[in-house]
Amino acid sequence: MPLLSTLLFSVFLTIAFIPICSRLALALDAVDIPDARKVHSRPTPRSGGLAMALGMGITVVLWVPLDPFARAFLASAALILVFGLLDDIRDLDCRVKLAVQVMAAVVLVAWGGVEVRSAGDLLPAGMVLPRWLGVAAAVFVIVGVTNAINFSDGLDGLAGGISMLGFIALAFMAHEAGDAQTTLLSVAVIGAVFGFLRFNTHPANLFMGDSGSQLLGFAAITLAIRLSQAQGDLSPLVPLLLLGFPILDMLAVIGERLAVGRSPFVADRNHFHHKLMRVGLEHEEAVFVIYVLQAVLVSAAFLMRFQSEWLILLFYSAFAGAVLVGFHLAEGRGWRWPRDVGGESWMVQRLTALRESGLAPRLSFRAFEIGLVALLVATWAIPDGIPWNVAAASWGCVAALGAVRIARQEWLGTVLRVILYLSIPFAVYLSETDPHPGIPRAFLAGYDMAFGALVLLVVMTLKFTRRHRGFRVTPMDFLTIFVALVAPNLPDARVEALNLGMLSAKILVLFFSFEVLMGELRGDYRLLFRTTFGVLGLVGVRGFL
């Protein structure tokens, strides 16, 4: 299962490198200091880009065939990363950064063969761009989008989230087209961003820095151009939709700066996320709104990937016009997001009343806990057979749980989390690829639907919880729900046949749900311990029957 392995390797490697890179950032003084233009209030390490690069890079070397394109991609990405890190430490001149970006793009074009050869219906039928023009266009677009993602990195989780949504669509389209290399590269980046975002959700403990934002922009546009130019049926304007929101943000900001006679490279507070906060949205609300807008564009890119370039251009123009007019009217008329005197909206007041009543939290949490435990049992019960090595590992986990339960109960939560996170991918993989032939189809359909119900129970539990510490609802949860609910249902028969979307979705839902449950249990792991102990014991027995 190379796709699943690529995703998991990238996630876990990135998470493992984050504390190391954070300490390195503090030692090198690569720290973002708050000022009047920024929205964070405390010094924050800018080493997330390095952690993502290591998680993604090691995974790519392990799983992706290193042909000339892959080598050029890694070499140019390394160039972007190194100078991005220098910028995070010393604040390089914008001309130096631009020169390095051009150099990296030239390496990619000359060595990796990334060019813009076709503009589809925008040019006369059969017309191909001259090579010199295609090379120049590729360098221009790569540098432009690299800076667009860099410009968008102004709120916690923003640049990572919108990039991740774009890479998800890229991975699906590449997989559909049979481009295994672009698929694996996209999945590796998705894993790295997903691992990073949990540390970058507001209030962030870590920033990706210029090294991370430039790397994401560079990787996204490179893979988008390569895929759209290599596939004859895929529209060459697909990259415009995938990365259209940060592109629009950058163009609007540069236009406003030039209109008042300022340098386009002098930072200000006129980005879309700043404007959303000026109309009264909180930090996380502004990020969520932009996620939704980016999800609209990403979904349109997938659905319109085979449509006329003129239709795509018309859709994007209408989208861009609506966004720009909306911001203009909001600022011109002084619109404010409706809130009460205390700063809360009507919906928040109703949710607060339900939460304080105590009934809703108890009911939602109990349904969530029982539903999650039942889903775990069903996942291990579905496979037709259990490989001997999985059975042996299950017995080892049972022994570890028993020893900790007897001798070191204070370690029980940590050991349970490690065992669940290691066993869930195997359980889901076996249930998807080798279901018992005697299980009715109706049961399997209900089992799949149960994951969607579980997501809703998680959201309800988080909305009603009265805990002030631990797991919280964040805009990143939108990304998780997007992957979990949208990805498996995209109209792609090839993906459905290989269960890629469903596999990833189920694993993410279970990871996400157990993270919430462990926080809500407040140390009372009795039911979870008994269930995990019993289920893994039965898995061990089945494997040796």
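Start by selecting T222 and F218: the side chain of T222 reaches the backbone oxygen of F218 at 2.7 Å. You're looking at a predicted model, by the way, so read every distance on this tour as a value computed from that model.

**Stop 1: around T222**

Keep T222 selected and find the helix around it: T222 lies in α8. Is T222 buried or exposed? It's buried, because its relative accessible area is 0%, and the cut-off for buried is under 20%. Now show what surrounds it. Leaving out residues up to four places away in sequence, T222 touches F69, F73, L108, V114 and I142. Hang on to F69 and F73, as both turn up again at the next stop, in α3.

**Stop 2: α3 against α8**

Color residues 68-90 (α3) and residues 209-230 (α8). When two helices pack, the pair is described by the angle between their axes and the distance between the axes. Here the angle is about 155° and the axes are 7 Å apart. That makes α3 roughly antiparallel to α8, since an angle over 145 degrees counts as such. The crossing of α3 past α8 is right-handed.

Want to see the side chains that do the meeting? On the α3 side, pick F69, F73, S76, A77, I80, L81, G84, L85, D87 and D88. On the α8 side, pick G209, D210, S211, Q214, L215, F218, A219, T222, L223 and R226. Sorted by class, this contact holds ten nonpolar, six polar and four charged residues. Notice that T222 and F218, where you began, are both on the α8 list.

**Stop 3: R46 and D88**

From the α3 list, keep D88 on screen and add R46. Where does R46 sit? You'll find R46 in the loop between β2 (44-45) and α2 (48-63). R46 is buried, with a relative accessible area of 13%. Zoom in on the pair: a polar atom of the R46 side chain lies 2.4 Å from the backbone oxygen of D88.

**Stop 4: V139 in α5**

Next, select residues 131-152, which is α5, and pick out V139 within it. V139 counts as buried, at 14% relative accessibility. Which residues is V139 in contact with, once neighbours within four places in sequence are set aside? They are V102, A105, V106 and V109. For a distance to try in your viewer, draw a line from the C-alpha atom of V139 to that of A104: the two are separated by 8.9 Å, though they sit 35 residues apart along the chain.

**Stop 5: α6 against α12**

Move on to residues 158-176 (α6) and residues 283-303 (α12). Their axes are 10 Å apart and the angle is about 15°. α6 and α12 are therefore roughly parallel to each other, as angles under 35 degrees count that way. α6 passes α12 in a right-handed crossing.

To light up the contact, select L158, G161, I162, L165, G166, A169, F172 and M173 in α6, then I290, Y291, Q294, A295, V298, A301 and F302 in α12. These residues of α6 and α12 divide into twelve nonpolar, three polar and no charged.

**Stop 6: α10 against α13**

One more pair of helices: α10 is residues 244-259 and α13 is residues 309-332. How are α10 and α13 set relative to each other? They're oblique, with an angle of about 50° and axes 11 Å apart. The crossing of α10 and α13 is right-handed. Select G244, F245, I247, L248 and A252 of α10, plus Y316, F319, A320, V323 and L324 of α13, to see the contact. By class, the contact of α10 with α13 has nine nonpolar, one polar and no charged residues.

**Stop 7: out to G438**

Now find G438, in the loop between α17 (412-433) and α18 (441-464). G438 is exposed, with a relative accessible area of 54%. Draw a line to D384: the C-alpha atoms of G438 and D384 are separated by 8.9 Å, with their positions 54 residues apart along the chain.

**Last stop: the whole chain**

Zoom out and show everything as a cartoon. The chain has 22 helices and two strands. Of its 545 residues, 52% are buried. Finally, take contacts between residues at least 6 apart in sequence: 80% of those join residues at least 24 apart.

Methods
Residues are numbered from 1 along each chain as its sequence is written. This is a predicted model: local features need pLDDT of at least 70, side-chain atom pairs count only at pLDDT 80 or more; totals for chains, interfaces and linings use all residues. Side-chain values use heavy atoms; hydrogens and water are left out. Axes are lines fitted to C-alpha atoms, for helices over the stretch in contact, and angles run from 0 to 180 degrees between N-to-C directions. Helices (H or I, at least four residues) and strands (E, at least two) are DSSP runs, numbered from the N terminus. Angles under 35 degrees count as roughly parallel, over 145 as roughly antiparallel, 65 to 115 as roughly perpendicular and the rest as oblique. A crossing is left-handed if the near helix is turned anticlockwise from the far one by less than a right angle, and right-handed if clockwise. Contact means heavy atoms within 4.5 Å. Ala, Val, Leu, Ile, Met, Phe, Trp, Tyr, Cys and Pro count as nonpolar, Asp, Glu, Lys and Arg as charged, and the others, Gly among them, as polar. Buried means under 20% relative accessible area, exposed over 50%, partly exposed in between (1.4 Å probe, protein chains only). A polar contact is a pair of N or O atoms within 3.5 Å; within protein, one must be able to donate a hydrogen and the other to accept it, and residues adjacent in sequence count only if both atoms are side-chain atoms.
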